[in-house]
Amino acid sequence: MIRFENVTITYAERPVLANVDVEICEGELCLVVGRTGAGKSTFLRAINGLVPHFSGGTLRGRVLVDGRDTAHHPPRELADVVGFVGQDPVAGFVADNVEDELAYSMESLGLPGTVMRKRVEETLDLLGLAALRDRPLATLSGGQQQRVAIGSALTAHPRILVLDEPTSALDPGAAEDVLAAVQRLVHDLGMTVVIAEHRLERVAQYADRALLLPQAEIGEVGAVLAKSPVAPPVVRLARVAGWSPVPVSVRDARRQAASLRARLPEPAAEPTENLKPVLHTENVTVKYGDVQAVRGVSLSVGAGERVALMGRNGSGKSSLLWAVQGSGKRTSGTVAVGTTDPEELKPKARRRKVALVPQQPQDLLYLETVAEECAQADTETGRPPGTCRKLLDGLVQVPDDTHPRDLSEGQRLALVLAVMLTGTPDVLLLDEPTRGLDHPAKEALAGVLKGLDSAVVLATHDVEFVAEYASRVVVLAEGEVVADGPAREVVTSSPIFAPQVSKILGPWLTVADVEAAL
Amino acid sequence: MRLHSGAWWLWALGLATAAGRTTNPLVLGLVLAVAGLVVVTCRANTPWSGTYGVFLKFGLMVIALRVLLHVFLGGTAGPTTLFTLPQVPLPTWARGIRIGGPVTAEGLVFALYQGLLLATILSCVGAANALANPKRLLRSLPAALYEVSVAVVVALTVAPQLVASARSVRKARQLRGDTARGARAIRTMLVPVLEDALDRSLVLAASMDARGYGRTAGISTRDRLLTGTLVLAGLFGFCIGTYGLLADVCVGWPLLAIGGVLAVAGLRVGARRVPRTRYRPDRWTFRAVGVACSGMIAAAALVFSGDPALSPSTVPLQAPELPVVPALAVLLALLPVVIVREA
């Protein structure tokens, strides 16, 4: 169905993919894995000709899709064969309500009205969108938007569906909805699906084969992931335990886990220290018009405590963080960092008390080089020159003259973190920090955050990251706290928030813990 | 079943034309009331249906501005001086321009009428906006103009996106404790906002490309050229016709007619060669035609009515009278209330 014949793709003399020789068969769900920058997106975009027709660069070799050579067929001429859903579905929307968006590719293909009408109805049912048909796209939740984006690629009845990070921005529940829909396409319609995803623990179990980049090795999922630098916890656990064949789903792993479970002692109880409280909120509410985003949240966070805020998309996590930081809206309630309310401080003084790294950290950067950003951070906070640079060096190695836009997601996050930490805040708030980070980058982030003296509160959907990093978990639903306690307790008791290792081994949370115990 | 958006726009433009033919505050008030009533009863629950209020506020602002301009710059004079502002002496070459000076009741009333006229026209446009999505109207363009109409729709979403991205950058800037104002603030805002806008448009362009925008499958180059030529010729004819109409009525009508025929023919032939279709296009039903006609009749009645009460005298000041036939014609524009309620 898709054949790459000795393909090499170069951007500005720098090869992104080299000598890729791969064939993906019809009706297969193929998972593309690799570290950030390994060329996953480039590979996906080469399938429908966006690389090199749209992105520029040189492609040597040949890409054949359903018998058509992408060298002679630009993406628009492949629209009837390949459906493509990019990383940010919202930015790719053309129409403004669900139905028109679904019909858009069919209009471009010039299908007759009756066919369009029928296919839109079918797609609405297939993806469970029927109740949303007239809704404006902007009012949908993340999971719904992702399903609309997939649906709008499907209406053209392509034989191949390419998905770039379809669940990265979604909460675990919504991600499952999307993946269930994708699986149905593969099973019921025999569609060929190619997926790249950082959250391997969500997708690996559904895949038929996996492709490891940049080596371009394709094979059975377990075998490929066992060799990969990025792998879901099940596979890493299998490496530690020496299981063979390597399981990719929790279910397979559990069958092999009996002996390991017997060998493991009870995990040591976490020492409960009495921490000096730094952040204290009392009955915080946030209202936007008629919508109550946060309803009476009272929390107390101690110095050095690592709190993870979890909950669905739209459960009020971001609103709470912004309200605590002081520049966001707060309808009622009190927030105290030490003895001061950050809302009453001037922005300059505020950032030395509370620092917030927003969902899009790049919004904080506006200068041309890393060095300028660091110098600016020093002047803003009145620290001696070089403070920010030293902090940054502790996180990652980045040359001084790089443009912040050219950094990888992980490096950019590190830069923003360094900029915010220059003010030595008492409280550090992070909104979805692990988006776009692969596993090694997440480990590095967890290491850095663990070394901080400030109280850290982070909002995230990433259960594996929470298991590795957080000491305490607070679950929000509809703006209220529904669970609050030590990470182990909260996370293991919930089927949605439980990390893979705990699903297999009960009280254990991470592979590293298991490895240490053995 | 929603009505053709073109029907609502014709109806509203008809009302606006009617308003444009009179300065009688009673008739203008009637037009305002009719438009308001129809908006309140007929609008669907859509994100853009709330825009009517914005247009009304904008109208009030226009009235205030018109009156203020009159007070400071003068204009129509009359015998009844209400008060006198100190006048700024201007050199002789600026004769005819006046700043300050006496303010008369006649002039004020005249300014008020004119402000009201502009506000009424604005409210008619606002009504059309609230009743029919302007983007939806673009979807009814001929198939030959498909690509252009999609481009315009996309362009229309840029402004709200820029506002949203500027807002998030400003919020982020506060996190850094950066409270810069003036030129520096513009620089610190502009770079991320523009970068964001560029990124977004690239993503959108890639997505549209991947979904078949600008596809030429199955059409030969010769046919594509022919289509392009025909469409361009048609539009060109239309432009010349419009120009002729504006320049001179006698030459204008035939030129416009020829241009129109050329345009329609070009678009028709062009459309046959463009492999595009529309999903659930708006249709001209009887009800839609009825709505459009009710507005157009109101316009025609006022354009061809010679009733002197349409422009009440301000020098000397007189209480405006209600001209019966034009008033009835404006009331006819209430027809959509009945038509839509039956649907």
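**Exercise 1. Count the helices and strands of chain B in this predicted model, then find their order from the N terminus.**

Solution. Start with the count: chain B of this predicted model has 12 helices and 2 strands. Now walk along the chain from the N terminus, and the elements read α-α-α-β-β-α-α-α-α-α-α-α-α-α.

**Exercise 2. Is chain B spread out or compact, judged by its radius of gyration?**

Solution. First take the value itself: the radius of gyration of chain B is 26 Å. Next, set beside it the 20 Å that the globule rule gives for 343 residues. The value for chain B is well over that, so chain B is more spread out than a compact globule. For a picture in space, the C-alpha atoms of chain B fill a box of roughly 75 × 60 × 50 Å along the principal axes.

**Exercise 3. Find the domains into which chain B is divided, and the distance that separates their centres.**

Solution. Domain 1 of chain B is made of 5-137 + 283-342, and domain 2 covers 222-273. Taken over C-alpha atoms, the centres of these two domains of chain B are separated by 33 Å.

**Exercise 4. Describe how helices α1 and α10 of chain B pack.**

Solution. A handy reminder: the angle between the axes and the distance between the axes describe two packed helices. Begin with those. The axes of α1(B) (residues 5-20) and α10(B) (residues 286-304) come within 7 Å and cross at roughly 15°. Angles under 35 degrees count as roughly parallel, so α1(B) is roughly parallel to α10(B). The crossing in which α1(B) passes α10(B) is left-handed. Now look for the residues: α1(B) contributes, among them, B:Trp8, B:Trp11 and B:Leu15, and α10(B) contributes residues including B:Val291, B:Met296 and B:Leu302. Sorted by class, this contact has 16 nonpolar, 4 polar and no charged residues.

**Exercise 5. Do the same for helices α6 and α7 of chain B.**

Solution. Helix α6(B) spans residues 146-175 and α7(B) spans residues 182-210; they pack at an angle of about 140°, with axes 9 Å apart. Over 145 degrees would count as roughly antiparallel; α6(B) and α7(B) are therefore oblique to each other. Their crossing is right-handed. Among the residues that meet are B:Leu162, B:Val169 and B:Arg173 in α6(B), and B:Met189, B:Asp196 and B:Leu204 in α7(B). The class count for this contact is 9 nonpolar, 3 polar and 4 charged residues.

**Exercise 6. Does the radius of gyration of chain A agree or disagree with that of a compact globule?**

Solution. Chain A has 21 helices and 19 strands. With 518 residues, a compact globule would have a radius of gyration near 24 Å, and chain A has 24 Å, so the two agree. The C-alpha atoms of chain A fill a box of roughly 70 × 55 × 50 Å along the principal axes.

**Exercise 7. Which parts of chain A supply the side that touches chain B?**

Solution. Count the residues: the contact takes 42 from chain A and 38 from chain B. Then look at the elements: α3 (98-109), α4 (113-126) and α13 (347-353) of chain A each supply at least two residues of the side that touches chain B. The largest share, 8 residues, comes from α3(A). Last, sort by class: this side of chain A has 20 nonpolar, 9 polar and 13 charged residues.

Note on methods. Residues numbered from 1 in each chain as written. Chains lettered and ligands numbered in written order. Predicted model: local features only at pLDDT ≥ 70, side-chain atom pairs only at ≥ 80, totals over all residues. Contact = placed C-beta atoms within 7 Å. Helix = DSSP H or I, 4+ residues; strand = E, 2+ residues; numbered from the N terminus. Nonpolar A, V, L, I, M, F, W, Y, C, P; charged D, E, K, R; others polar. Axes fitted to C-alpha atoms, helices over the stretch in contact; angles between N-to-C directions. Parallel < 35°, antiparallel > 145°, perpendicular 65-115°, else oblique. Left-handed = near helix turned anticlockwise from the far one by under 90°. Domains from an automatic or database assignment. Rg over C-alpha atoms; globule rule 2.2 N^0.38 Å.
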